[in-house]
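Here is a short briefing to read alongside the model. Keep the structure open as you go, and pick out the residues topic by topic.

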Amino acid sequence: MKTLAYSFYGLNDSVQRIVGGMLPVALLLGRLYVAWIFFKAGLTKIDDWGTTLFLFEEEYSVPLLSPEIAAFLATFGELVFPVLLVIGLFSLVSSLGLFVINIVAVISLEMIAPAAELYHVVWGLILMALAMCGPGLLSLDKLVGNRVRRA
């Protein structure tokens with residue numbers, strides 16, 4: 001019985017090493033996916049700024065901010081943070097910034113479809129994982145961090 005338990009622990013360790021080796025790729029894919037979603041939203045906002053302002057004035061109820069400032073900050077964040085996230089630079093700030101944008105988007109709408117809400121939950125979980133785990137080995141943060149530590 002003891003041998004069987006040791007075999008399971010050995011198998012578990014082997015699987016854990018394999019999965020752990022795939023973590024940098026998973027973090028990169030998470031960064032790319034979330035960045036693409038938010039960047040597209042930012043492009044949509046700048047494509048028709050008049051409609052964007054109208055939506056922030058009439059549809060979205062962003063607390064504490066004027067519609068113009070809210071529209072500008074959301075657009076800025078959706079265009080800048082994804083680029084930083086893709087290259088893995090200032091990843092903590094970028095993932096937390098997009099996390100805040102994601103939360104504000106959900107609370108600003110009076111009615112949100114359950115499917116849309118689910119997407120926001122998924123994006124929020126990916127952003128939270130990126131904030132907690134960091135961008136991984138395939139990032140400028142890792143490269144810069146290694147150089148800074150050596151200097």
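**Briefing: cores, rings and a helix pair**

A good place to start is L85, whose contacts, leaving out residues up to four places away in sequence, are R31, S91, S94, S95, L98, L127 and L130. Please bear in mind that this is a predicted model. L85 also belongs to the largest nonpolar core, and it takes part in the meeting of helix 4 with helix 5.

**Nonpolar cores**

- Eleven residues form the largest nonpolar core: L27, V34, I37, F38, F81, L85, L98, I101, W123, L127 and L130.
- Four helices each give this core at least two residues, namely helix 2 (23-47), helix 4 (67-87), helix 5 (91-108) and helix 6 (114-133).
- Helix 2 provides the largest share, with four residues.
- There is also a second, separate core of six residues, and L53, V62, A70 and A71 are among them.

**Aromatic pairs**

- The model has four aromatic pairs.
- One of them joins F38 and W123 edge-to-face, with 5.9 Å from centre to centre and 65° between the planes.
- Because F38 sits in helix 2 and W123 in helix 6, this pair ties together parts that are 85 residues apart in sequence.
- F38 and W123 are both buried.
- F56 and Y60 also make an edge-to-face pair, since their ring planes stand at 80°, with the centres 4.9 Å apart.
- The partners in that pair differ in burial: F56 is buried at a relative accessible area of 7%, whereas Y60 is partly exposed at 25%.
- Look as well for the cluster in which ring pairs link F38, Y119 and W123.

**Helix 4 against helix 5**

- The axes of helix 4 and helix 5 are 9 Å apart, and the two helices pack at an angle of about 145°.
- Their crossing is left-handed.
- On the helix 4 side, the contact is made by A74, G77, E78, F81, P82, L84 and L85.
- Helix 5 meets them with S91, V93, S94, S95, G97, L98 and I101.
- Sorted by type, the residues of this contact are eight nonpolar, five polar and one charged.

**A buried serine**

- S95 lies in helix 5, and its relative accessible area of 1% makes it buried.
- Leaving out residues up to four places away in sequence, S95 touches L85, L127, L130 and A131.
- Among these partners, L85, L127 and L130 are members of the largest nonpolar core.

**A long-range approach**

- L23 is part of helix 2 and counts as partly exposed, with 41% relative accessibility.
- The C-alpha atoms of L23 and G136 are 7.4 Å apart in space, although the two residues are 113 apart in sequence.

**Positive phi in the loops**

- L64 has a phi near 75°, a positive value in a residue other than glycine.
- You will find L64 in the loop between helix 3 (49-58) and helix 4, where it is exposed with a relative accessible area of 88%.
- F90 has a positive phi too, near 55°, and is likewise a residue other than glycine.
- F90 belongs to the loop between helix 4 and helix 5, and it is exposed with a relative accessible area of 51%.

Notes. Residues are numbered from 1 along each chain as its sequence is written. This is a predicted model: local features need pLDDT of at least 70, side-chain atom pairs count only at pLDDT 80 or more; totals for chains, interfaces and linings use all residues. Side-chain values use heavy atoms; hydrogens and water are left out. A nonpolar core is a set of buried Ala, Val, Leu, Ile, Met, Phe, Trp, Tyr and Cys residues joined through side-chain atoms within 4.5 Å. Buried means under 20% relative accessible area, exposed over 50%, partly exposed in between (1.4 Å probe, protein chains only). Contact means heavy atoms within 4.5 Å. Rings of Phe, Tyr and Trp (its six-membered ring) pair if their centres lie within 6.5 Å; planes under 30 degrees apart count as stacked, over 60 as edge-to-face and the rest as tilted. Axes are lines fitted to C-alpha atoms, for helices over the stretch in contact, and angles run from 0 to 180 degrees between N-to-C directions. A crossing is left-handed if the near helix is turned anticlockwise from the far one by less than a right angle, and right-handed if clockwise. Ala, Val, Leu, Ile, Met, Phe, Trp, Tyr, Cys and Pro count as nonpolar, Asp, Glu, Lys and Arg as charged, and the others, Gly among them, as polar.
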